[in-house]
Amino acid sequence: MSEAGRPVDFGELALSMDESMNDKEPAVGAADSSSMPVPPRPESLHHDASDPALLPEPAPLAMPVQDFSERRGQVSRRQGGASLPRMAVFLGAALMTAAFAYELYGVLAFVQVTPIQLLFLVLSTITFAWISVGTLSTALGFLPLFAGENADTIPIPDADGPLAGRTALLFPVYHEEPARIAGTISAMVEELASLGKADAFDIFVLSDTRGADVGVAEEAAYAALAHSLRDEARVYYRRRIENTGRKAGNIKDWVERFGGAYETFVILDGDSIMSGVALVRLARAMESDPDAGLIQTVPKLIGGKTLLQKLMQFAANVYGPPTAAGLAFWSRDQGNYWGHNAIIRTEAFASAAGLPVLPGPAPFGGHILSHDFVEAMALQRAGWGVHMASSIEGSFESMPPSLTDLIVRDRRWSQGNIQHLALIARPGVPGMGRVHLLMGALSYIISAVWAAALAVGLVLALQGQQLLPSYFTDDKTLFPIWPTIDPGAAMRLFIATMAVVLLPKVLGLALELKRARRARELFGAARAFAGVVTETVFSMLFAPIMMMTQTSSVLQIFLGRDAGWKAQRRDDAAMELGEAMRFHWPHMLVGIVVTVVCWETSPGLLVWMSPVVLGLVLSGPLNWLTSQNAGPAMTAILSTPVERSPASIELRTLRHTDIWRDRLVALQQEPDATRERSRELVAA
């Protein structure tokens, strides 16, 4: 789920599924191999559809449901020194917002302020307040990074020391390609073995995949993986009959059945990769700080092929570090959790993070969707430290290949974040937990506020040209009061606002220039400037599209429409132009209508609104263009250091994924071999 304040994501086409027991067709990327049988198996000892022989002995751990309406006693495990940075961000944003509102009021009240101008003032001020918080947070994170310091909120040891406890690597999967997951696991085990630390880690593939045929094929693949790695690591597989609670329920099921055997566990998504060094350092950090409940890494984006993915990778690489550092600076040990690429203390999670089922129907009731934010809040509530370690290298993830995939994923995220509004006012929610939950919800609601501000601003422009019917502000007034603004003051306010909006990009560019100079990269400065300009142009075009889609999502959620649970498409798949045009026809229609209205009103107004209408009018072609593989020029301009010099774990993952794709194809063609391998594993 997206963290508020992170770089704007540009998000899931595939199989649409609910939480019923009905069999569905496999999603994009899921193995279609009903011809890959596994031997008959006994009835599951629990509530699994998979063979119990693929699991270890149970190690139960209670995970009671928490009541966030109850206040907990005062906790003492807190880092000091958080007041000043929090004041710098939030008080600073308040002062900036007050100055903005004062100046905007002066612009609008040039002659006499009208009710609709007051509405525009309120909406614009709310939007500016949100932007100023993000900008100041990024500026705060820029300072230590530019000074050469890291922004970790917890000391991170090196990977050379011993490990006393055991860590489970959890892969919750839902119609993921088995070869991709098997390749990732094989690469991570290989790195851990090279460090002599593989014995300290066990791997669990926790499946919620639906459909008997797909499930049987998936089980055969992971049984073969466990058999293949049996001399290096312990790999376990479980597929639930009922996917109650979705991902959060999947993890809860593991904690209650096997969590007692592990001091810590690491959550990895279907596109997550973590190096052996990163895993060992995280485990050692948890052992070094008994008060730490969770350590979140900041994954780098890798593996992108489409233009959209290249743009997102560049943005995350350049603007992401100061954004993450700023969040860590003012959150300290009361940070947030992004749902993956993080290590969690099992005892803390089990005792504090049992999530309740919210009353009422979806989308506000039912199981908590964006569980990660709530789990971080629950750990804070119990006094455990929730940390961010942005300096750890070797943590990676990928992004959706097209804007359509991004929007579909974003719809589910928006519902999960807005669902948090039902928790914010509960007495048991700690102060920083409220802040994170509120920021997550506002990250989507603010799009609707921005859209409303644009609509009201357009009405003001029409009234300023006296193209709308007259209205009277007072019954005693004989003539209409036309809205009038000070154009010179308006331009000055616009320039100041754009400076606040673009400051995070400027700060990210400064850090990238410093890094390129230190690395003595040939044409590093030129590439950085070209990349920032290119990314900024595309982000300006994408912004109104995301504004409309998120506004639509917010309206759907408040009208009671549930997003469901859809599988994620990971691989690039070029979109047809016709498909993109059909998907974006509402956005293009709105853009064309606004363009005509602005032109008929005043050509100057059209110029003023061009950043908004251009993105909407071109939304279909933009989606199509950015879903294609990036050409050599864009690949060079938008390349990142980790792309130019890939990490060893990425190269190993790609190699092992190719090996497993070939191996699973061979297993499809040789069902007897599949049976024999599965029998060997069960016998073992």
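In this predicted model, three strands line up as an open sheet in the order β6-β11-β8, with mixed pairing. The edge positions go to β6 (273-274) and β8 (300-301), each of which pairs on one side only. The contact between β6 and β11 (residues 395-397) is antiparallel and rests on 2 bridges. Within this small region of the model, I273 sits opposite F396 of β11.

A second open sheet has 7 strands, running β4-β3-β2-β5-β9-β7-β10, and its pairing is mixed too. Its edges are held by β4 and β10 (385-389); each has a single partner strand, so one side of each is left without a neighbour in the sheet. Going from strand to neighbouring strand, the turn averages 20° when direction is ignored. As a bit of background, strands of a sheet pair through backbone hydrogen bonds, and the pairing can be parallel or antiparallel.

Both kinds of pairing turn up in the 7-strand sheet. At the β4 end, β3 (residues 201-207) and β4 run parallel and are joined by 6 bridges. One residue pair here is F204 with its bridge partner Y236 in β4. Elsewhere in the sheet, β5 (residues 264-267) pairs with β9 in the antiparallel sense, over 4 bridges, and V266 stands opposite I343 of β9.

Being at the edge of the sheet does not leave β4 out in the open: 5 of the 6 residues in this strand (residues 234-239) are buried, so the rest of the structure largely encloses it.

On the helical side, α1 (residues 83-108) and α2 (residues 115-146) make a contact worth a look. Two packed helices are described by the angle between their axes and by the distance between those axes. For α1 and α2, the axes come within 8 Å and cross at roughly 150°. Angles over 145 degrees count as roughly antiparallel, and the two helices are therefore roughly antiparallel to each other. The crossing of α1 and α2 is right-handed. Sorted by class, the residues in this contact are 19 nonpolar and 7 polar, with no charged ones.

Two residues draw attention for their backbone angles. Most residues other than glycine have a negative phi. R246 goes the other way, with a positive phi of about 55° although it is not a glycine. R246 lies in helix α5 (residues 246-258), and its relative accessible area of 11% makes it buried, since the cut-off for buried is under 20%. N341 likewise has a positive phi of about 55° without being a glycine. N341 belongs to the loop between α7 (307-331) and β9 (342-345), and with 0% relative accessibility it counts as buried. The β9 strand that follows this loop is the one paired with β5 in the 7-strand sheet.

Zooming out to the whole protein chain, the secondary structure adds up to 22 helices and 12 strands. Of its 684 residues, 56% are buried. The accessible surface comes to about 27900 Å², and carbon and sulfur atoms account for 62% of that area.

Conventions. Residues are numbered from 1 along each chain as its sequence is written. This is a predicted model: local features need pLDDT of at least 70, side-chain atom pairs count only at pLDDT 80 or more; totals for chains, interfaces and linings use all residues. Side-chain values use heavy atoms; hydrogens and water are left out. Axes are lines fitted to C-alpha atoms, for helices over the stretch in contact, and angles run from 0 to 180 degrees between N-to-C directions. Angles under 35 degrees count as roughly parallel, over 145 as roughly antiparallel, 65 to 115 as roughly perpendicular and the rest as oblique. A crossing is left-handed if the near helix is turned anticlockwise from the far one by less than a right angle, and right-handed if clockwise. Ala, Val, Leu, Ile, Met, Phe, Trp, Tyr, Cys and Pro count as nonpolar, Asp, Glu, Lys and Arg as charged, and the others, Gly among them, as polar. Buried means under 20% relative accessible area, exposed over 50%, partly exposed in between (1.4 Å probe, protein chains only). Two strands pair if DSSP finds at least two bridges between them. Accessible areas come from the Shrake-Rupley method with a 1.4 Å probe; for residues, only the protein chains shown count as cover.
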